[in-house]
Amino acid sequence: MATTAPATSALLELRGVDAFYGRVQALHGVSVTVGQSEIVALIGSNGAGKTTTLRTISGLMHPANGSITFGGQEITKTRAHEIVALGICQSPEGRRLFPRMQVIDNLRMGAFTRKDKAGIAQDMERVFVLFPRLRERMTQLAGTLSGGEQQMLAIGRALMSRPKLLMLDEPSLGLAPILVDTIFKTIQEINAAGTPILLVEQNAVRALEVAHRGYVLETGNIVQTGTGKELLASPDVQRAYLGM
Amino acid sequence: MIGWFRRVWENDPRKDPNAVVYFLLAIFAVLFPLFASVVTGGSPNFLLSVAGDAGVYVLLTLGLNVVVGMAGLLDLGYAAFFAIGAYTYAFIASDHLAVTPLQTTLHVPFWIVLLIALFVAASFGVILGAPTLRLRGDYLAIVTLGFGEIVPRVFKNTSTWTSGVNGISALDTPELPIWFKGPWSGDPLAVVQNFKIFDPLGYYVIMVVLLVICVVLVRNLQNSRMGRAWAAIREDEVAAAAMGVNTVQAKLLAFAIGAAFSGFAGTFYGAKLSLVSPENFGFSVSITVLVMVVLGGMGNIPGVMLGSLLIYLVIFMVLPSLPDTVTSIANAIGLTGLTQASGDFPGIGEFAARLKFLIFGLILVLVMLLRPQGLLPSREREQELTKGTHDDTIIEDVQAETG
């Protein structure tokens, strides 16, 4: 690493990332940074490339151009399971729990790359404190949980890897409004405990309310960026996403 | 040891159907020689020999259960690994190599071949798996189906090495370095060296020991980190990768372990029959083992063992003796007319013989209709089928979560 250190102390840095599905270009030179202890929101409409951005970060697909660094390390071409081991954990869209595994085994799967039994037990306890419902349903199959409980489990599972960066894809999708409150409150709690979060949401208002900074994606391009408050106040964002 | 018993007791094994079945299977295995001796009036050899053959299928089922039940990979060519295990024993534990271009013979002891066959079969599992395990579901099934057809054909057509359709015969009999003779075998008490295991009881004991080892192994595997990774892959491969599972490696391992069990079974089978022939490892073997896994309760170890024993009983005992059974029943209830051929009717015995596979099919269909989860399913499948899984929040849930 003889090159100069990056100017920012960003934990995660995407620089000019292009990504394709076959021939269709889904991302056009996307640059995003996430700093230590930040909540960063990625907002935009359906098909804007939010999920694709997460997928390129977590190694489920690889960028055609551009680079991704995490903690100063180049991870552009790193494979998914190695990226998890580096400390980036994604709670995928549609939750993607293991429906026919017990709640506790889903959580254990979250800690798959870890070997420290004591730490795992400690984090399991932390998840159960955040989501007491999960403790009650410990031995139930994940597929038999309600939608809200499944979302809690998805976030809990992501936390079990003790991530250096937590990526949440549409955590409020399909939840009753009152549960959305609980989920966003928990996101802030997790962040306050020291975990940076990259949040992808269609629910732009809620996401920008909790986010320190945000990016607005449109058809694979970043069209606007700023602090959460700035974006909430921006006329463009209000018109496009907040229906004002 | 005491701690283990206490733990088992505190979990109250009577509430756990699996524990009950393990217990019953163990008792059954121990008492079976005695039972066979009593029912046959002192000549248990036939029944013990059948039990040994049934054990081969239990071993195969345990192995395929790792691949299909635990990791969710549909393998339709499992008999190929069985063949590879059996031929491994045939090559290195008989005079056969003398008639091949090698012109030499190898007589490796049975116990060592067990280990060798395990590695050979597992290696073939990896060789087949490495290029194909990137495929999913149906595609993998087709490729394994092809492999299952290719392997017996290779053994059949490379006659310079394998004697083709004639197979390889006069395989070595397993030997124990030291054995005790005594009143139980009708001899005076004595120590025998290089004891050859000829009698079916010997094979029966070997099989029971093999099965115990294998059950302990797969049980530990299932409850291990790798077992959870397999379950996760079976549920959702992408999500498993997102959790940090190296999915290709995990699937390869499942394939290799499944193949290894099959190699075990093949070696035992070859040694017991003292003959291997390409005809013994056809598609029907792969399918029979798959049926045993599904019908017993995919993913549940005692379930698939129970399934394999019952299916074995039906295929190899009940169905072949069906014509005789119905004939004697007809005679006993006075319908002797039915036993005679008349016109198009061939007599009830022959009639039953013709309907054998229809009856087998009906049994399978009925079991799957009445118990789609298998005879003794894992707790997971049971819960899934009784409670159902859903992905939507319903009103009561919201109230329960917020209230």
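This report describes selected features of the two chains A and B, from the helices and nonpolar cores to the strands and turns. The model is a predicted one.

**Chain B as a whole**

Chain B contains 17 helices and six strands. Its length is 403 residues, and 47% of them count as buried. Among the contacts in chain B with a separation of 6 or more, 70% are between residues 24 or more positions apart. The exposed surface of chain B amounts to about 20000 Å², with 67% of it supplied by carbon and sulfur atoms.

**Helix α6 of chain B**

Helix α6 of chain B covers residues 137-157. With 21 residues at 1.5 Å each, a span of 30 Å is expected, and the end C-alpha atoms are 31 Å apart, which agrees. Its buried residues are L140(B), A141(B), T144(B), F147(B), G148(B), V151(B), P152(B) and F155(B). Viewed down the axis of α6(B), these buried residues fall within an arc of 120 degrees, so they line one face of the helix. An α-helix has 3.6 residues a turn, so residues three or four places apart point the same way. The other side of α6(B) carries the exposed residues D138(B), Y139(B), I142(B) and N157(B). The cover over the buried residues of α6(B) includes four helices of chain B: α4 (79-92), α5 (110-132), α7 (159-162) and α11 (247-273).

**Nonpolar cores**

The largest nonpolar core has 106 residues, and L59(B), L60(B) and L62(B) touch the most other members. Helix α3 of chain B (residues 45-70) gives the most to this core, contributing 13 residues. Another core lies apart from it; this one has 44 residues, among them L134(A), I155(A), A158(A) and I190(A).

Which residues does L59(B) contact, leaving aside its neighbours within four places in sequence? They are M207(B), L210(B), L211(B), C214(B), F261(B), F264(B) and A265(B).

V285(B) is placed in helix α12 of chain B, residues 283-297. Its relative accessibility is 7%, so V285(B) counts as buried. Beyond residues up to four places away in sequence, V285(B) touches Y57(B), L60(B), A79(B), F82(B) and N280(B). Of these contacts, Y57(B) is 228 residues away from V285(B) along the chain, yet their C-alpha atoms are separated by 9.2 Å.

**Strands and turns of chain A**

An open sheet of four strands in chain A has the order β2-β1-β4-β5, with antiparallel pairing. At its edges stand β2 (24-35) and β5 (73-74), each with a single partner strand, so one side of each is left without a neighbour in the sheet. Strand β4(A), residues 65-70, is joined to β5(A) by two bridges; within this pair, F70(A) has Q73(A) as its bridge partner.

Strand β9(A) is mostly covered, with five of its six residues buried. How many bridges link β9(A) to β3(A)? The two strands pair in the parallel sense over four bridges, and V40(A) stands opposite R213(A). With β10(A), strand β9(A) runs antiparallel and is joined by six bridges; here Y215(A) stands opposite T225(A).

The pairings described above are collected in the following table.

| Strands | Sense | Bridges | Opposed residues |
|---|---|---|---|
| β4(A) and β5(A) | antiparallel | two | F70(A) and Q73(A) |
| β3(A) and β9(A) | parallel | four | V40(A) and R213(A) |
| β9(A) and β10(A) | antiparallel | six | Y215(A) and T225(A) |

Strands β9(A) and β10(A) form a hairpin with two residues between them, and T219(A) in the turn has a positive phi of about 40 degrees. T219(A) is a residue other than glycine. With a relative accessible area of 62%, T219(A) is exposed.

A positive phi, of about 60 degrees, also occurs at S37(A), which is not a glycine. S37(A) lies in the loop between β2 and β3 (39-43) of chain A. At 43% relative accessibility, S37(A) counts as partly exposed.

**Helix α1 of chain A**

Is T52(A), in helix α1 (residues 50-57) of chain A, buried or exposed? T52(A) counts as buried, because its relative accessibility is 7% and the cut-off for burial is under 20%. Not counting residues up to four places away in sequence, T52(A) touches A19(A), Y21(A), A26(A), L27(A) and M61(A).

Methods:
Residues are numbered from 1 along each chain as its sequence is written. Chains are lettered from A and ligands numbered from 1 in the order in which they are written. This is a predicted model: local features need pLDDT of at least 70, side-chain atom pairs count only at pLDDT 80 or more; totals for chains, interfaces and linings use all residues. Side-chain values use heavy atoms; hydrogens and water are left out. The expected span of a helix is 1.5 Å times one less than its number of residues. Buried means under 20% relative accessible area, exposed over 50%, partly exposed in between (1.4 Å probe, protein chains only). The arc is that of the directions from the helix axis to the C-beta atoms. Contact means heavy atoms within 4.5 Å. Accessible areas come from the Shrake-Rupley method with a 1.4 Å probe; for residues, only the protein chains shown count as cover. A nonpolar core is a set of buried Ala, Val, Leu, Ile, Met, Phe, Trp, Tyr and Cys residues joined through side-chain atoms within 4.5 Å. Two strands pair if DSSP finds at least two bridges between them.
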